[in-house]
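Student: Please take a close look at one charged side-chain pair. Then work outward from there, step by step.

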Amino acid sequence: LSNFAAFVGIKTQDSRNINIFNNVINSFSGTLNQPEMYILRTNNSNVSYNRLLGASTNLLIWDSYNNLIEYTNSTSTSANSLVLINSSLNNINEMLINTSTSGGGINLVQSHNNSIKNVNIEHKSNGIIFDLSSDNKLNNIYVRSYTSNTNSTKFITNSANNIISNSMLNSTGKDLTTISGYNYFRNVSFNQSSNYASGSAIVNVQWYLDVNVSYYNGSAAANTNVTLFNRTSIYYFSDLAGSDGLVARKNTTEYIFNGTGKITYTNYTVTANTSAPGILNYSSSALNITTNMQWNISLSLNTAPNYTQSWINTSLPILGDLINFSSNWTDDTSLDSFMFSINQSGTYVNATSRAFPGAGTSNTASNVTRITAPPGYNLTWVFWANDSGNSWNVTPVQSFIILDSTPPQWIAGSIQ
């Protein structure tokens with residue numbers, strides 16, 4: 001069909017299960033209601049491998065549901081190439097849209113839950129417009145404008161929860177203009193300084209985050225709990241690593257953009273907690289999300305604390321003395337607590353566990369105990385210590401002999 005004016009090229013109305021394949025339609029004038037192809041109140045149909053050329057709207061989908069539109073090339077000189085009005089649950093795939101004079105790309109009006117993917121739009125007006133439209137998903141969209149002061153994407157009245165993902169926007173005007181609603185850019189390349197938002201309108205700019213958790217020896221750290229907090233310590237997600245050590249991919253916010261500017265969520269703090277014995281938990285606040293990334297976590301082997309010296313504060317221990325027992329400790333992460341154990345009667349008696357003063361990686365454990373063992377008794381003692389990973393160590397057994405504090409007694413002698 002070619003060279004017609006003020007008429008529709010192909011129109012389906014009040015239909016279902018229609019197949020429209022391999023057509024070329026070319027008009028030289030027309031309006032919104034006189035498109036090259038008009039899908040009106042048509043459901044469950046397949047419109048594929050068509051070429052639409054002309055001055056009017058190329059493809060108009062109105063009050064239509066569950067249709068498949070794919071492998072269609074669309075060129076319009078003065079109108080939006082693809083328009084959906086009050087249409088939902090349509091799948092639009094593999095389109096090439098080119099507007100050579102003043103036309104735009106895709107216009108969604110009162111349309112919801114549509115899937116649009118693999119579309120290349122070269123335009124001279126607006127690349128994509130959302131008007132009273134929500135819950136649409138656009139994937140792998142390339143938008144490029146020819147002329148100045150044109151928009152790549154525009155969210156206007158009451159449009160929310162639309163997701164544009166894995167796409168590239170390249171406009172000479174604004175890549176993002178949002179008037180209302182809360183919408184998402186997910187793995188989208190665009191000029192982040194070329195945006196406009198008004199009122200309560202918000203766009204959430206997100207990237208893909210993959211987290212891989214392994215042990216110090218390279219094996220997968222299955223069932224490790226990975227948690228993410230944003231820069232203001234607000235909880236973001238928590239999930240378990242799978243048998244391969246991978247956490248399911250997360251859509252992670254770099255910032256949200258609204259009428260007052262940017263609210264940044266990064267840097268994130270990521271923690272990894274495991275119940276595996278002898279393994280340290282992990283924490284880092286250096287996760288800076290500004291693009292897609294994989295964050296690799298290696299859980300370290302928890303080395304037990306190490307003692308360096310043990311001593312008492314006297315060289316003449318006697319019955320009744322208060323003696324300060326001490327031991328120096330170091331750890332590769334952080335010391336936690338210690339416990340003193342002493343044998344003055346044949347059985348070891350444990351003192352109450354106490355926290356290291358000030359913790360850190362180097363500290364001294366001390367305990368003051370009164371001597372109750374009799375003179376000549378070989379008193380033995382040890383210190384136990386653990387670290388923040390709950391790995392324990394114990395000093396070698398220390399010992400000393402209790403001295404006799406009774407002075408010699410003089411006994412009167414005799415001369416024979």
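Tutor: Lys 250 has 18% relative accessibility, so this residue counts as buried, because the cut-off for buried is under 20%. Keep in mind throughout that this is a predicted model. The partner to look at is Asp 239. The two side chains meet in a salt bridge, with 2.9 Å from N to O. The pair links distant parts of the chain: Asp 239 sits in strand β23 (residues 235–240), Lys 250 in strand β24 (residues 246–258), and the two are 11 residues apart. Asp 239 has a relative accessible area of 23%, so this residue is partly exposed. The pair therefore joins a partly exposed acid to a buried base.

Now follow β23 into its sheet. This is an open sheet of 4 strands. The order is β23-β22-β26-β27, and the pairing is antiparallel. β23 and β27 (282–287) stand at the edges. Each has a single partner strand, so one side of each has no neighbour in the sheet. From one strand to the next, the twist averages 15 degrees. So the strand that carries Asp 239 is an edge strand.

Move inward from that edge. Strand β22 (residues 225–229) pairs with strand β26 (residues 268–273) in the antiparallel sense. The two share 5 bridges. One of the matched positions is Asn 225, whose bridge partner in β26 is Asn 273.

How many salt bridges does a search of the whole structure find? The search finds 4. Among them is the pair of Asp 14 and Arg 41, with the closest N and O atoms 2.6 Å apart. Asp 14 lies in strand β2 (residues 10–16) and Arg 41 in strand β5 (residues 37–43), so this pair ties together parts that are 27 residues apart in sequence. Is Asp 14 buried or exposed? Asp 14 is exposed, at 52% relative accessible area. Arg 41 has 34% relative accessibility and counts as partly exposed.

Next comes Arg 144 with Glu 122. Their side chains meet in a salt bridge at 3.2 Å, N to O. Arg 144 lies in strand β15 (residues 137–145) and Glu 122 in strand β13 (residues 115–123), so the pair ties together parts 22 residues apart in sequence. Arg 144 is partly exposed, with a relative accessible area of 28%. Glu 122 is buried, at 17%. Here the acid is the buried member and the base the partly exposed one. In the pair we started from, the base is buried and the acid is partly exposed.

Step over to another open sheet. It has 3 strands in the order β29-β30-β34. The pairing is antiparallel. At the edges stand β29 (306–312) and β34 (362–370). Each of these has a single partner strand, so one side of each is left without a neighbour in the sheet. Neighbouring strands here are turned by 20 degrees against each other on average, direction ignored. Strand β30 (residues 322–330) runs antiparallel to β34, and 9 bridges join the two. Within this stretch, Asn 328 stands opposite Thr 364 in β34.

Parallel pairing also occurs. Take strand β9 (residues 68–76) as the reference. Strand β6 (residues 46–48) is joined to β9 by 3 bridges, and the two run parallel. Asn 46 has Leu 68 as its bridge partner in β9. Strand β7 (residues 51–54) also runs parallel to β9, with 4 bridges. There, Arg 51 stands opposite Asn 73. β9 also pairs with strand β11 (residues 91–99), in the parallel sense and over 8 bridges. Leu 68 appears again in this pairing: its bridge partner in β11 is Asn 91. So Leu 68 has a bridge partner in β11, and is itself the partner of Asn 46.

One last item is the interior space. The structure holds 1 cavity of 30 Å³ or more. The volume of the largest cavity is about 30 Å³. Which residues line the largest cavity? They are Thr 12, Ile 18, Ile 20, Ile 39, Thr 42, Ser 45, Val 47 and Asn 67. By class, the lining has 4 nonpolar and 4 polar residues, and no charged ones.

Terms used
Residues numbered from 1 in each chain as written. Predicted model: local features only at pLDDT ≥ 70, side-chain atom pairs only at ≥ 80, totals over all residues. Heavy atoms only, no water. 1 Å grid on protein atoms, 1.4 Å probe; cavity = no way out; pocket = protein on both sides within 12 Å on 5 of 7 lines; lining within 4 Å. Points joined across faces, edges and corners; volume = space filled by probe spheres on them. Nonpolar A, V, L, I, M, F, W, Y, C, P; charged D, E, K, R; others polar. Buried < 20%, exposed > 50% of the residue type's maximum accessible area, 1.4 Å probe, protein only. Pairing = 2+ DSSP bridges. Axes fitted to C-alpha atoms, helices over the stretch in contact; angles between N-to-C directions.
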